[in-house]
Amino acid sequence: MVICMNINLTAKYLQHLRRSHNYTQEELAQKLDISRQAVSKWETGVTVPEVDVLLKISKLYGVSINDILEPKIQPQRITDFEQICTIPKEKLKEIMGQFDTDSLVIALMGASPDVNQFCEKLFPEIDFEKARNEIGRVRVETVGEMQGQIVSMINLEAADRKGGT
């Protein structure tokens with residue numbers, strides 16, 4: 001199983017970059033010579049910008065294309081996956097709900113029993129044991145990557161709120 005970039009994380013990061021530079025979707029679209037609808041589609045995770053547009057975005061914001069597609073969000077709230085239990089349950093469920101079941105289960109494969117219990121209570125509709133059995137063995141790196149994406153999404157949400165968005 002290969003885990004690629006998380007489109008939801010990329011979408012939220014593109015939105016964060018735009019807002020942190022005080023651009024509306026329309027203003028950004030004009031700067032990039034594209035439609036406002038294209039910007040909206042990126043920010044909702046429907047599509048990802050084409051490579052030539054990614055290059056323009058990276059130059060505009062002073063970040064690499066890799067930073068856009070695989071954002072490394074500075075800690076705002078938590079630095080480690082084990083700290084997810086410190087996030088209010090409603091907010092955590094909203095953030096983690098943006099990930100598919102397999103991604104959540106994979107992230108939890110490397111978590112403590114306490115964090116696993118916490119998440120199983122948070123998502124009673126998911127049969128975690130069945131999902132773990134269906135997924136089978138996963139590389140440690142993949143577990144760490146999924147945990148990192150969840151931590152990044154939590155921190156990105158916190159950064160957006162801190163920025164007044």
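**Entry 1: V39 and its surroundings**

I began with V39, which counts as buried because its relative accessibility is 0%, and I note at the outset that the model I am reading is a predicted one. I then looked up where V39 sits, and found that V39 belongs to helix α3, residues 36-43. Setting aside neighbours within four places in sequence, I listed the contacts of V39 as R18, Q25, L28, A29 and I34. For one of these residues, A29, I also noted the spacing: V39 and A29 are separated by 10 residues in sequence, and their C-alpha atoms are 6.5 Å apart.

**Entry 2: helix α2**

I turned next to helix α2, residues 25-32, and asked which of its residues are buried. They are Q25, L28, A29 and L32. Looking down the axis of α2, I see these buried residues fall within an arc of 100 degrees, so they line one face of the helix. In general, an α-helix has 3.6 residues a turn, so residues three or four places apart point the same way. As for what that buried set meets, the buried residues of α2 pack against α1 (7-20), α3 and α4. I also checked what comes after the helix, and recorded that D33 follows α2 with a positive phi, near 60 degrees.

**Entry 3: how α2 meets α3**

For this pair I looked up the geometry, and found that α2 and α3 pack with their axes 8 Å apart and at an angle of about 110 degrees. Because angles of 65 to 115 degrees count as roughly perpendicular, I describe α2 and α3 as roughly perpendicular to each other. The contact is made on the α2 side by Q25, E26, L28, A29 and L32, and on the α3 side by R36, V39, S40, W42 and E43. The crossing of α2 past α3 is right-handed.

**Entry 4: V51, for contrast**

Is V51 buried or exposed? I found V51 exposed, since its relative accessible area is 64% and over 50% is the cut-off for that word. V51 is placed in helix α4, residues 51-61. I took its spacing to E26 as well, and the two residues are 25 places apart in sequence and 20 Å apart in space, C-alpha to C-alpha.

**Entry 5: the nonpolar core**

I then asked how many residues the largest nonpolar core has, and the count is 47, with I57, F81, I84, L92, M96, I150 and I154 having the most contacts inside it. Helix α10, residues 140-162, gives the most to this core, with 7 residues. In soluble globular proteins, nonpolar side chains tend to be buried together. I followed one of the core residues further: M96, leaving aside its neighbours within four places in sequence, is in contact with I84, L104, C119, F123 and I150.

**Entry 6: α6 against α8**

M96 also appears at a helix pair, where the contact is made by K89, L92, K93 and M96 of α6 and by F118, C119 and L122 of α8. The axes of α6 (residues 89-96) and α8 (residues 113-122) come within 11 Å and cross at roughly 85 degrees, which makes α6 roughly perpendicular to α8.

**Entry 7: S152 in α10**

My last lookup was S152, which lies in helix α10. S152 is buried, because its relative accessible area is 9% and buried means under 20%. Not counting residues up to four places away in sequence, S152 touches L9, P71 and I73.

How values were computed. Residues numbered from 1 in each chain as written. Predicted model: local features only at pLDDT ≥ 70, side-chain atom pairs only at ≥ 80, totals over all residues. Heavy atoms only, no water. Core = buried A, V, L, I, M, F, W, Y, C linked by side-chain atoms within 4.5 Å. Buried < 20%, exposed > 50% of the residue type's maximum accessible area, 1.4 Å probe, protein only. Helix = DSSP H or I, 4+ residues; strand = E, 2+ residues; numbered from the N terminus. Contact = heavy atoms within 4.5 Å. Arc of directions from axis to C-beta. Axes fitted to C-alpha atoms, helices over the stretch in contact; angles between N-to-C directions. Parallel < 35°, antiparallel > 145°, perpendicular 65-115°, else oblique. Left-handed = near helix turned anticlockwise from the far one by under 90°.
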